[in-house]
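Here's a quick tour of one strand and its neighbours, followed by a look at how two chains meet. Keep the viewer open as you read.

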Amino acid sequence: MGEESRRDVGYRRAGGIRGAIAVVVVIAVAMLSLLVLFPFAVATRTPVREITLVARDMTFYVEGETTPNPTIWLAPGEEVQFSLHNADPGIAHNLAIMGWQLETARLETGASATFRVRAPEDPTRQRYVCTPHRQMMGGLIVVAAPSR
Amino acid sequence: MNLDKTQWSGEGIFTQALVDACQTLEDIIFLRVEDAPASRADVEFNFITNELYVQFRERSRAVQAKVFGLFPVTRTVTEPTMTVAGLEQAFCGIDEIGPPDYADEGMLQYLRTERIVPPYQTRGYKLVELVRVYEVGSPSRRQDDDG
């Protein structure tokens with residue numbers, strides 16, 4: 001009996017060591033894979049274009065520009081992050097692209113919201129609006145090849 | 001009251017009502033009305049935005065003070081007889097004006113919307129008038145001030 005129990009302990013120790021080695025090997029392989037594949041993953045990732053719209057004076061402006069309710073041009077398949085910042089004192093605004101079923105919540109003054117969209121591959125036009133003020137706060141999103 | 005309308009096109013019925021109301025208030029000694037650049041029109045709407053800058057009458061009063069905490073002196077302090085908050089209260093008491101849609105310590109904002117249907121037309125257009133009232137010397141909140 002004593003001999004058998006010593007052998008069991010020996011087997012268990014050997015099994016434990018093998019398990020630990022397996023874990024170390026798996027972790028090492030995973031880290032090596034990450035090291036090898038990460039540069040490829042970064043290199044192949046398409047950049048996301050950020051477009052920030054500011055709502056002010058019952059009008060949309062692209063941040064830093066002065067054209068009211070500007071037309072926004074997107075390339076087919078382009079991934080874009082739209083942000084809306086409400087800088088209109090005392091007036092709630094949102095940003096909606098109805099044709100793409102995208103809509104932020106209604107934002108109080110000073111609030112911001114974001115959504116991401118991938119432009120369709122086919123040329124198209126969509127209207128972006130502030131839902132409660134759609135008659136005067138809105139513009140066009142034009143998806144077209146860059147060589148326009 | 002001195003009224004400066006040289007930078008105002010005259011558009012805006014509610015703006016005119018505000019100007020008229022200001023002229024009845026003795027505590028306002030100067031008023032400047034300006035077109036704001038966000039004004040624009042399209043087929044479906046006419047957006048008028050104006051800004052009013054008011055200057056309040058000032059009064060002087062004697063204040064007792066102590067120099068170095070020891071020697072009593074009398075100083076003359078000049079202060080306005082009205083504030084933007086006081087102006088808000090005054091407008092609230094005028095039927096044609098009423099309370100602002102938004103107010104903070106430096107600005108009163110009125111937003112008026114009306115559908116205008118010209119004769120022989122069925123649809124008409126939306127008239128939106130945004131008027132902001134500031135004290136002279138306060139920074140404007142309009143878009144072009146952000147550069």
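Two strands count as paired if DSSP finds at least two bridges between them. With that in hand, and bearing in mind that this is a predicted model, start with chain B. Strand S1 (residues 2–7) of chain B runs parallel to S2(B), and 4 bridges join them. One spot to click on is Asn2(B), whose bridge partner in S2(B) is Phe30(B). Getting from S1(B) to S2(B), the chain passes through helix H1 (residues 13–23) of chain B, and this β-α-β crossover is left-handed.

S2(B) also pairs with strand S4 (residues 45–56) of chain B, this time in the antiparallel sense, over 7 bridges. Phe30(B) turns up here again, standing opposite Gln55(B) in S4(B).

How many of the 8 residues of strand S2 (residues 28–35) of chain B are buried? The count is 6, so the strand is largely enclosed by the rest of the structure.

Now for the meeting of chain B and chain A. Some numbers on that contact:

| Item | Value |
|---|---|
| Residues from chain B | 18 residues |
| Residues from chain A | 15 residues |
| Area buried between chain B and chain A | about 1500 Å² |
| Share of that area on carbon and sulfur atoms | 52% |
| Salt bridges between chain B and chain A | 2 salt bridges |
| Polar contacts between chain B and chain A (both at pLDDT 80 or more) | 6 residue pairs |

One of the salt bridges links Arg132(B) with Asp57(A), with the closest N and O atoms 2.6 Å apart. On the side of chain B that touches chain A, S4, strand S8 (107–116) and strand S9 (125–135) of chain B each supply at least two residues.

Key:
Residues numbered from 1 in each chain as written. Chains lettered and ligands numbered in written order. Predicted model: local features only at pLDDT ≥ 70, side-chain atom pairs only at ≥ 80, totals over all residues. Heavy atoms only, no water. Buried < 20%, exposed > 50% of the residue type's maximum accessible area, 1.4 Å probe, protein only. Right-handed = clockwise from strand over helix to strand, strands pointing away. Contact = heavy atoms within 4.5 Å. Buried area = accessible area lost by both parts, 1.4 Å probe. Salt bridge = Lys/Arg side-chain N within 4 Å of Asp/Glu carboxyl O. Polar contact = N/O pair within 3.5 Å; in protein donor to acceptor, adjacent residues only side chain to side chain.
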